[in-house]
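Reader: I should like to learn how aromatic pairs, cavities and buried residues are read from a model. May we take them one at a time?

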Amino acid sequence: MHVPDGFLDAPTSIGTAVVAAGGVALALRGARRELDDRTAPLAGLVALFIFSTQMLNFPIAAGTSGHLLGGALAAVLVGPCTATLSITVVLLVQATLMADGGITALGTNITLMGLVGVWTGWLVFIALRRVLPKRPLWVVPAAAVAALVSVPTAALAFSLLFDVGGTVDVPFATVATTMVGIHTLIGIGEAVITALAVLSIVVVRPDLVHGARPSLERRTLTIREGVSA
């Protein structure tokens, strides 16, 4: 999913850079409502986890491989605005220090993974959370489905961008079929990793999982006075 330099023309790259900058600016404001003293360290750990797991590729088919995008996972764990910032930091480090994704394509990658991937995953997650039982463990399958949907959606978004400003003349149907097909398989792997990661936290500290907070039971302490004989 990391788009290199030269795949999109200058106007399209500039356009996605503007969209990415606007999205990150809004995320900076929204993250203030999502983070507190307990969850702020988790945001850093999420960014580190995504950075590390994106270095690991798993085979798909016909010589292709995939890796975690992490948008839905980050959104469920720390909130969508913070997730956008976490993915942006990861992509910035990868582009500048590791040549993974082009510098001129940084805005495109942030738009695809930090905006489309994150917010598609989050919207699917909250839609499922409304209909599933209100228990913390039910955020796990909801997060898995959100991750599965977010990956091919980001691939479809790239196909649309390539149809608008691709530097090679390839029919949209060909690009979309290939990208969405391969990234649907990648999405399955993403769903498994997301489910395992969310499960490992929600069984121990569900209060640290942003997406699980609405399902936590509110408990009140009742003090009963003793009766003396």
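Author: The discussion below takes up aromatic rings, then cavities, then two threonines. The model is predicted: local features need pLDDT of at least 70, side-chain atom pairs count only at pLDDT 80 or more, and totals for chains, interfaces and linings use all residues. Residues are numbered from 1 along each chain as its sequence is written, and side-chain values use heavy atoms, with hydrogens and water left out.

Reader: How many aromatic pairs are there?

Author: A pair of aromatic rings is described by the distance of the centres and the angle of the planes. Rings of Phe, Tyr and Trp (its six-membered ring) pair if their centres lie within 6.5 Å; planes under 30 degrees apart are stacked, over 60 edge-to-face, and the rest tilted. By this rule the count is three aromatic pairs. The ring centres of Phe 158 and Phe 162 are 5.8 Å apart and the planes stand at 35°, so this pair is tilted.

Reader: Where do Phe 158 and Phe 162 lie?

Author: Both belong to helix H6 (residues 139–165), four residues apart, about one turn of the helix. Helices here are DSSP runs (H or I, at least four residues), numbered from the N terminus. Together with Phe 7, these two residues form one aromatic cluster.

Reader: Which cavities does a search of the whole structure find?

Author: On a 1 Å grid over the protein atoms alone, a cavity is a set of points where a 1.4 Å probe fits but cannot get out; lining residues have an atom within 4 Å of a point. A volume is the space filled by probe spheres set on the points, which are joined across faces, edges and corners. The search finds two cavities of 30 Å³ or more. The largest has a volume of about 40 Å³, and its lining includes Arg 129, Trp 138 and Ser 215. The second largest has a volume of about 30 Å³; among its lining residues is Phe 7, a member of the aromatic cluster.

Reader: Is Thr 84 buried or exposed?

Author: Buried means under 20% relative accessible area, exposed over 50%, and partly exposed in between (1.4 Å probe, protein chains only). Thr 84, in helix H4 (residues 80–97), has a relative accessible area of 0% and is therefore buried. Thr 82, also placed in helix H4, is buried at 3%.

Reader: Which residues does Thr 84 contact, leaving aside neighbours within four places in sequence?

Author: Contact means heavy atoms within 4.5 Å. With those neighbours left aside, Thr 84 is in contact with Ala 27, Gly 114, Leu 115, Val 118 and Trp 119.

Key. Helix = DSSP H or I, 4+ residues; strand = E, 2+ residues; numbered from the N terminus. 1 Å grid on protein atoms, 1.4 Å probe; cavity = no way out; pocket = protein on both sides within 12 Å on 5 of 7 lines; lining within 4 Å.
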